[in-house]
Amino acid sequence: MKSTGVSFHTFDSEAAKTKISFHIYKPSMYDRETGRRFPVVYWLHGSGSPTTSVAPLAGWFANAVAEGQMPPLIVVFPNGWDYGMWTDSKDGTRPLETVLMGELLPLVDASYRTIAARSGRIIEGFSMG
């Protein structure tokens, strides 16, 4: 399995009124090709496992890129809490969709060389993701 360029980050969420964590995978050429922009996959985890799938999935993406099965890309692994369901809760206590779309997505676009357009992003995941 290829070595993965995964790092851990947090930000202060105004919507959730707490720190939110996420991991980000950057392809090996990210630091070498400083003029290049990359598409982004937002990988939404399943119920009860906010971080357990990060390392194996990042390795899978790294291998797929290295083997030419997919183009180089950035992968963001947001922490959607154990059973966040990736939507805003009706009572407002778990504004996960707002955190993801209104806070994390703009933060990633401002902090990394992404293709900051709808055509440069995809959201996918497992189970509740």
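A residue counts as buried under 20% relative accessible area, as exposed over 50%, and as partly exposed in between. By that scale E33, with a relative accessible area of 33%, is partly exposed. The structure described here is a predicted model. It contains an open sheet of five strands, with helix 2 lying across strands 1 to 5. Three salt bridges and four aromatic pairs are found among the side chains.

**Sheet architecture**

- The five strands of the open sheet follow the order 1-2-4-3-5, and their pairing is mixed.
- Strand 1 (6-13) and strand 5 (121-125) each have a single partner strand and stand at the edges, so one side of each has no neighbour in the sheet.
- On average, and with direction ignored, neighbouring strands of this sheet are turned by 25 degrees against each other.
- In general, the strands of a sheet pair through backbone hydrogen bonds, in either a parallel or an antiparallel manner.
- Helix 2, which spans residues 96-111, lies across strand 1, strand 2, strand 3 (40-44), strand 4 and strand 5. The helix runs at about 125 degrees to strand 1.

**Strand 2 and its partners**

- Strand 2 is mostly covered, with six of its eight residues buried.
- Strand 1 and strand 2 are antiparallel and are joined over eight bridges. The two strands form a hairpin with four residues between them.
- In the turn of this hairpin, K17 has a positive phi of about 60 degrees.
- On its other pairing, strand 2 (residues 18-25) meets strand 4 (residues 74-78) in the antiparallel sense over four bridges.
- F22 of strand 2 is the bridge partner of H9, and F22 also stands opposite P78 in strand 4.
- I24 stands opposite V76, a residue of strand 4.
- H23 also lies in strand 2, and its relative accessibility of 16% makes it buried, because the cut-off for that class is under 20%.
- Leaving aside residues up to four places away in sequence, H23 touches V6, S7, F8, T51, V54, V75, V76 and F77.

**Aromatic rings**

- A pair of aromatic rings is described by the distance of the centres together with the angle of the planes.
- The count of aromatic pairs comes to four. One of them joins Y30 and F38, with 5.5 Å centre to centre and 35 degrees between the planes, and is tilted.
- Both members of the tilted pair are buried: Y30 has a relative accessible area of 6%, and F38 has one of 0%.
- W60 and F61 have ring centres 5.1 Å apart and planes at 80 degrees, so this pair is edge-to-face.
- In the edge-to-face pair, W60 is partly exposed at 46% relative accessible area, whereas F61 is buried at 2%.
- W60 and F61 belong with W43 to one aromatic cluster.
- Y30 also has a charged neighbour: R113 lies over the face of its ring, at 4.0 Å from the ring centre.

**Salt bridges**

- The count of salt bridges comes to three.
- K19 and D12 meet through their side chains in a salt bridge of 2.9 Å, N to O. D12 counts as exposed, at 59% relative accessibility.
- R36 and E33 form a salt bridge in which the closest N and O atoms are 2.8 Å apart. R36 is partly exposed at 30% relative accessibility, and E33 is partly exposed as well, at 33%.
- D109 and R121 meet through their side chains in a salt bridge of 2.3 Å, N to O. D109 lies in helix 2 and R121 in strand 5, so the pair ties together parts that are twelve residues apart in sequence.
- Within the D109 and R121 pair, D109 is buried with a relative accessible area of 18%, whereas R121 is partly exposed with 26%.

Key. Residues numbered from 1 in each chain as written. Predicted model: local features only at pLDDT ≥ 70, side-chain atom pairs only at ≥ 80, totals over all residues. Heavy atoms only, no water. Phe/Tyr/Trp six-rings, centres within 6.5 Å; stacked < 30°, edge-to-face > 60°. Buried < 20%, exposed > 50% of the residue type's maximum accessible area, 1.4 Å probe, protein only. Lys NZ or Arg CZ within 6 Å of the ring centre and 35° of its normal. Pairing = 2+ DSSP bridges. Axes fitted to C-alpha atoms, helices over the stretch in contact; angles between N-to-C directions. Contact = heavy atoms within 4.5 Å. Salt bridge = Lys/Arg side-chain N within 4 Å of Asp/Glu carboxyl O.
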